[in-house]
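This report looks at how the parts of a predicted model meet. It takes the contacts between chains before those between domains.

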Amino acid sequence: MCGIVGLFLKNPRLQPQLGALTAQMLKTMTERGPDSAGFAVYGGAQHGQSKITVRGLEESQRKDFEAGVLAVSQKATFVFRDDHAIITCSDEAEPAVRAFVEGFGHGVVFVSSGDSIELYKGVGLPEDVAARFGLSEMTGTHAIGHTRMATESAVTTAGAHPFSTGPDQCLVHNGSLSNHNTLRRQLVRDGLSFETENDSEVAAGYLSWRLSKGERLDEALTASLSDLDGFYTFVVGTRDGFAVLRDPVACKPAVMAETEDYVAFASEYRAFAGLPGIEKATVFEPEPQRVYHWEHAA
Amino acid sequence: MSQNKNSPPRTAPRFSATFDVNTISEIQRAAATGIYDIRGAGTKRKLPHFDDLLFLGASVSRYPLEGYRERCDTDVVLGTRFAKKPIRLKTPVTIAGMSFGALSAQAKEALGRGASAVGTSTTTGDGGMTPEERGHSSTLVYQYLPSRYGMNPDDLRRADAIEVVVGQGAKPGGGGMLLGQKISPRVAKMRNLPEGIDQRSACRHPDWTGPDDLEIKIEELREITNWEKPIYVKVGASRPYYDVSLAVKAGADVIVLDGMQGGTAATQEVFIEHVGLPILSAIRSAVQALQDLGLHRQVQLIVSGGIRSGADMAKALALGADAVAIGTAALIALGDQSPDLAAEYAKLGTVPGAYDDWQEGRDPAGITTQDPELAARLDPILGGRRIANYLSVMTMEAQAIARACGKSHLHNLEPEDLVSLTMEAAAMTKIPLAGTDWYPGKGGF
Amino acid sequence: MSATLEKQVIDLHTSTVRVLNSTLQSEDATGAWTILHPEGRHSLAVGLTAPLDVTIDGQAGYYAAGMNQRANVVIKGNAGPGVAENMMSGSVHVEGNASMAAGATAQGGLLVIDGDAGARCGISMKGVSIVVRGSVGHMSGFMAQSGNLVVCGDAGEALGDSLYEARLFVRGTVKSLGADCEEKKMTDEDLAILKDLLKEAGITDYPAESFRRYGSARRLYNFNVDNASAY
């Protein structure tokens, strides 16, 4: 049960403001989700380079961590933000770095990887979480954010959205699924692993599982209409864009605004109030059971 | 004996425990009619209940209070969190929501009179507020339900508290069906419905779903009523820990938790008997949710569903509730199931104590009916007196127990004053099994 | 009417929703009011009881003009979920689009939406008249009890599911009819009601004769096993 925001920039001139605009949208969704918050920022993809986000890294561990990564990927670079770190390394070194991260221990958790995704999440008021990571200063092509009111799973960093279960993919969810336990067991049998008891993580895993079979995102989302039961508004981030899907009943709110410069998504209009040129935007609600998809030209 | 001496003894007729008499008759009924059984009242199966708990009276280690002489207070304040005008009750037992429509106007008036006489509240139901009910209830809680039948902002402002009903113990997750027989001209008018047709009630609210939207809805109700009225949120017991946490996060002042023994005017039997939690098993996790949020006793908890006596009330309070609500018990106090009506019950194919066709509107006691002749049988003044008597007895019973436990206020009852009689009760409540300091799960398995 | 000459403004950049509502609900409030910078805030101008003219200058959030009595509220933008929910009387005019559950359970008055309305427009309506110049989403008129829903554009899936005695008028296409909803013959009475509503809503470009009329087939009014699948 939550608030969702998303911003996809069509006009590259807005890219320096992506973080600031997203932070402001996220803050307005505080009442919908005061327990925790998270966001994925896409940008800065470089040919041949991978980005890996990890969290749970204590400052005292940074040196050891850095040394360990450099041992498997000499040219890796690091950006530390609060307890998160973004490692940039060559595509070839990515599996080795990831293996190192997953074996490092000390509470360090692999969060996401891909060409352009950086993913941050934490417990607390959305405004504080955004400030902790310096969201306002971030730049990029598109971003997705989430504020969470935990329903049936605990208030933890792991339970915060977005969930990333595949390269450059992430998902945020508002609603409540009703068949996620069965689906999780099926996906686990198929080799997926899950970090939380959260229904939304199952949805993210489900989409990754379908994408891994070679389906396009719109195909995977269409399939979820028959395989996921319950109530949902999903926003899914990919390397080049994002997609939106609402369940057939469509009880959970969703509103979109489009101008020549951007496409914005939110649970409520309030989140758009500070966007440039919003008074002239086309504002509409996504229809149920219809996959909406925006992509930057590759 | 004319029988052949050599014939062996015959097997006596043997009934199946699986296909017992009720099961067989239900299969036969279903096959004949093609419709599921709709009835009133609550679950009839045997469930773990407050009878499975006992109090530890005081003796040497604890000192009791003198009955009637030494104080044992019973007052409770509800809605202290955000409302400008909290509710003050003299006794922590209230009348649960029951609609005009399900009940006759006379029955609603009697409940109002009885509750007011002892200084407690009554609650409207799915059908709006009648002037009789408002007039005779000194403290009236106005239910805000999915169907919004009779929902009127003037009544909202006339109410003393607002109860947003998400669910009901008899049917968590379900809507309702008031059969056409009970849609009298007056009921139809209050609900904007044609007369005599089946009234279907929605299972979800029309304009919000989930806690994030509930928060906005609660704020709207507060804005309309100048932030004066306590806002209750009522849930049927099914996932009480999460539901209570979320209702509190959404801004509720008071939580009403209704167990599956709670009654209903009309629902599918399969719903009544197979969905929800017995109230005994639900209280502890609801209290835990409030404690985890640091709001136990600040957001008050009212529990209902099978409350029958001062002992049940005292046990619910000891488990952490702030008050209890009664529905079915109040109808019995009014005259439902009376042995005096045996002949009339027989005409309806039932007996006193088993009458549950509240949906039919033919209640010989004049309670669950809209038939003017039947309803006229209930004298609201006498009925009110019976309700007042019964509520007073419940209060005195709870006080007797509390004094025996050395408490000068009912709210000082605590879980440690109780023991469990059964393993089930011990597991559900974490109250140790009598004579031990153990409950299932303690120490881990 | 001279009291209305003075322009009364509440700016939500400098004031709060609480001040706004308590001011407009107060017995002293009269005349015309403008609410500046609504920016999608919730519960704007709710619980009004006096015949005020209120203009919300921008986007409204959830439950704008909720439970309205007698006031005339204009929203110069889009409205969030549940606009004019449970309205008793007066009018609410949304110049943009309305989100889901517009006019939910409303018992009286007139709700006009110049743009489109989302899902469940007029859900459980109990006497209100709703005129939508654009289209309405799925399950509009669900369990509609009484009143009139006029849709100049198209209707989504399951129009009028489980409806009672409300009248539904649609000019465009209906994606599908809900359980127990059927097309009815447009009677003279229907036509007169529709004409009045179009006039009241200021719609002159769509003749009443171009609408179709839908209503309850009344098959679900009393339980019948042959209709069990429709429940």
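Buried area is the accessible area, found with a 1.4 Å probe, that two parts lose on being put together, summed over both. Between chain C and chain A, this area is about 1100 Å². Carbon and sulfur atoms give 51% of that area. The model is a predicted one.

**Chain C and chain A**

Here 13 residues of chain C meet 15 residues of chain A. The count of salt bridges between chain C and chain A is zero. Polar contact joins nine residue pairs, with both residues at pLDDT 80 or more. On the side of chain C that touches chain A, the residues divide into two nonpolar, eight polar and three charged.

**Chain B and chain C**

Between chain B and chain C, 40 residues of chain B are in contact with 37 residues of chain C. The area buried there is about 3200 Å², and carbon and sulfur atoms give 54% of it. Three salt bridges are counted between chain B and chain C. One of them joins the side chains of Lys217(B) and Glu85(C), at 3.3 Å from N to O. There are also 17 residue pairs in polar contact, both residues at pLDDT 80 or more.

Which elements of chain B give two or more residues to the side that touches chain C? They are helix 4 (153-158), strand 10 (199-201) and helix 6 (211-224). Helix 6 of chain B gives the largest share, eight residues. Overall, this side of chain B divides into 17 nonpolar, eleven polar and twelve charged residues.

**Two domains in chain A**

The domain assignment splits chain A into domain 1 (2-45 + 122-295) and domain 2 (47-114). Their C-alpha centres lie 24 Å apart. The contact takes 13 residues from domain 1 and twelve from domain 2. One salt bridge is counted between these domains of chain A. The side chains of Glu195(A) and Arg55(A) meet in a salt bridge at 2.8 Å, N to O. Four residue pairs across this interface are in polar contact, both residues at pLDDT 80 or more.

Helix 4 (126-133) and strand 9 (163-166) of chain A each supply at least two residues of the domain 1 side that touches domain 2. That side divides into five nonpolar, five polar and three charged residues.

**Buried areas together**

| Parts | Buried area | Share on carbon and sulfur |
|---|---|---|
| Chain B and chain C | about 3200 Å² | 54% |
| Chain C and chain A | about 1100 Å² | 51% |
| Domain 1 and domain 2 of chain A | about 870 Å² | 51% |

Terms used: Residues numbered from 1 in each chain as written. Chains lettered and ligands numbered in written order. Predicted model: local features only at pLDDT ≥ 70, side-chain atom pairs only at ≥ 80, totals over all residues. Heavy atoms only, no water. Contact = heavy atoms within 4.5 Å. Salt bridge = Lys/Arg side-chain N within 4 Å of Asp/Glu carboxyl O. Polar contact = N/O pair within 3.5 Å; in protein donor to acceptor, adjacent residues only side chain to side chain. Helix = DSSP H or I, 4+ residues; strand = E, 2+ residues; numbered from the N terminus. Nonpolar A, V, L, I, M, F, W, Y, C, P; charged D, E, K, R; others polar. Domains from an automatic or database assignment.
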